[in-house]
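Reader: Hey, I've got this protein open and I don't really know where to begin. Can you walk me through a few spots?

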Amino acid sequence: MTWLPLVGTLLGAVIALSSALLVEQRRAHREDHRERRKMKQEVYARYLAAHAETRTQLRVLSVAPGLTDEERGHQAFTAYALCYAPRYELAVLAPQTVLTLAKDFDRCARDLRDLIIDGTSITSQGRECMQKYLDALALVHTAMRADLGADPAR
């Protein structure tokens, strides 16, 4: 009996198994990458939506008549509290480039909140702080889009 057919069969089986494992590994890697990207999209969307809601509430508070300092302060802190959970989610998934800009952006949001607590109108005296906030938002947004591989020119 010749060993050549048996060796050829074993070699073919090893090659087929190796190929199948390699294909499966690459498919799993692609799926993991897609899932991670989807998770990042959701976290980034929640983060930006929370800040948008906070910004809206702070703008309303800045021009709301008849609020006591205590009421304004409580409502401003409550409005900013929406940003905590998405920020912690971001810390888990986002790369350092996004996190650094998000930290600066959060600092600008807190500065804006503090202006509102002090009774400053962001449409008049707080315009510079609002512009700094919007500039930081644009930087975070661009970094997030770059991380997701989206066209940053849109």
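**Charged pairs first**

Author: Sure. Arg46 is partly exposed, with a relative accessible area of 39%. Keep in mind that this is a predicted model.

Reader: OK, what does the side chain of Arg46 meet in a salt bridge?

Author: That would be Glu89, at 2.4 Å from N to O. The two sit in distant parts of the chain, 43 residues apart: Glu89 is in helix α3 (residues 84-93) and Arg46 is in helix α1. Glu89 is partly exposed too, at 28% relative accessible area.

Reader: How many salt bridges are there?

Author: The count comes to 8. Another one pairs Asp147 with Lys40, with the closest N and O atoms 3.0 Å apart. That pair also links distant parts of the chain, since Asp147 lies in helix α5 (residues 127-148) and Lys40 in helix α1, 107 residues apart.

Reader: Is Lys40 buried or exposed?

Author: Buried, at 10% relative accessible area. Its partner Asp147 is partly exposed, at 26%.

Reader: And what about Arg72 and Asp69, how far apart are they in helix α2?

Author: They're 3 residues apart, so about one helical turn separates them. They form a salt bridge as well, the closest N and O atoms being 3.7 Å apart. Arg72 is buried at 11%, whereas Asp69 counts as exposed at 59%. Elsewhere, Glu24, Arg27 and Glu31 are joined into one network by salt bridges that share partners.

Reader: Switching topic: how many disulfides does a search of the whole structure find?

Author: It finds 0.

Reader: Why is there no bond for Cys83?

Author: Because the closest cysteine sulfur, in Cys108, is 12 Å from the sulfur of Cys83, too far for a bond. Cys129 is in no disulfide either; the nearest cysteine sulfur there is also that of Cys108, 6.8 Å away. Cys83 is buried, with 0% relative accessible area, and Cys129 is buried at 17%.

Reader: Cool. Which side chains does Asp106 join by polar contacts?

Author: Tyr47, through a contact of 3.2 Å, and His51, through one of 2.8 Å. Asp106 is in helix α4 (residues 96-117) and is buried, at 2% relative accessible area. Leaving out residues up to four places away in sequence, Asp106 touches Tyr47, His51, Tyr80 and Arg87.

Reader: Last one: which residues form a nonpolar patch on the surface?

Author: Trp3, Leu6, Val7 and Leu10, with about 450 Å² of accessible area together. Leu6 belongs to helix α1 (residues 4-63) and is partly exposed, at 42%.

Technical notes: Residues are numbered from 1 along each chain as its sequence is written. This is a predicted model: local features need pLDDT of at least 70, side-chain atom pairs count only at pLDDT 80 or more; totals for chains, interfaces and linings use all residues. Side-chain values use heavy atoms; hydrogens and water are left out. Patches are made of residues with over 30% relative accessible area and no salt bridge: like charges are joined within 9 Å, nonpolar side chains (Val, Leu, Ile, Met, Phe, Trp, Tyr) within 5 Å. Accessible areas come from the Shrake-Rupley method with a 1.4 Å probe; for residues, only the protein chains shown count as cover. A salt bridge is a side-chain nitrogen of Lys or Arg within 4 Å of a carboxyl oxygen of Asp or Glu. Helices (H or I, at least four residues) and strands (E, at least two) are DSSP runs, numbered from the N terminus. Buried means under 20% relative accessible area, exposed over 50%, partly exposed in between (1.4 Å probe, protein chains only). A polar contact is a pair of N or O atoms within 3.5 Å; within protein, one must be able to donate a hydrogen and the other to accept it, and residues adjacent in sequence count only if both atoms are side-chain atoms. Contact means heavy atoms within 4.5 Å. A disulfide is a pair of cysteine sulfur atoms within 2.5 Å.
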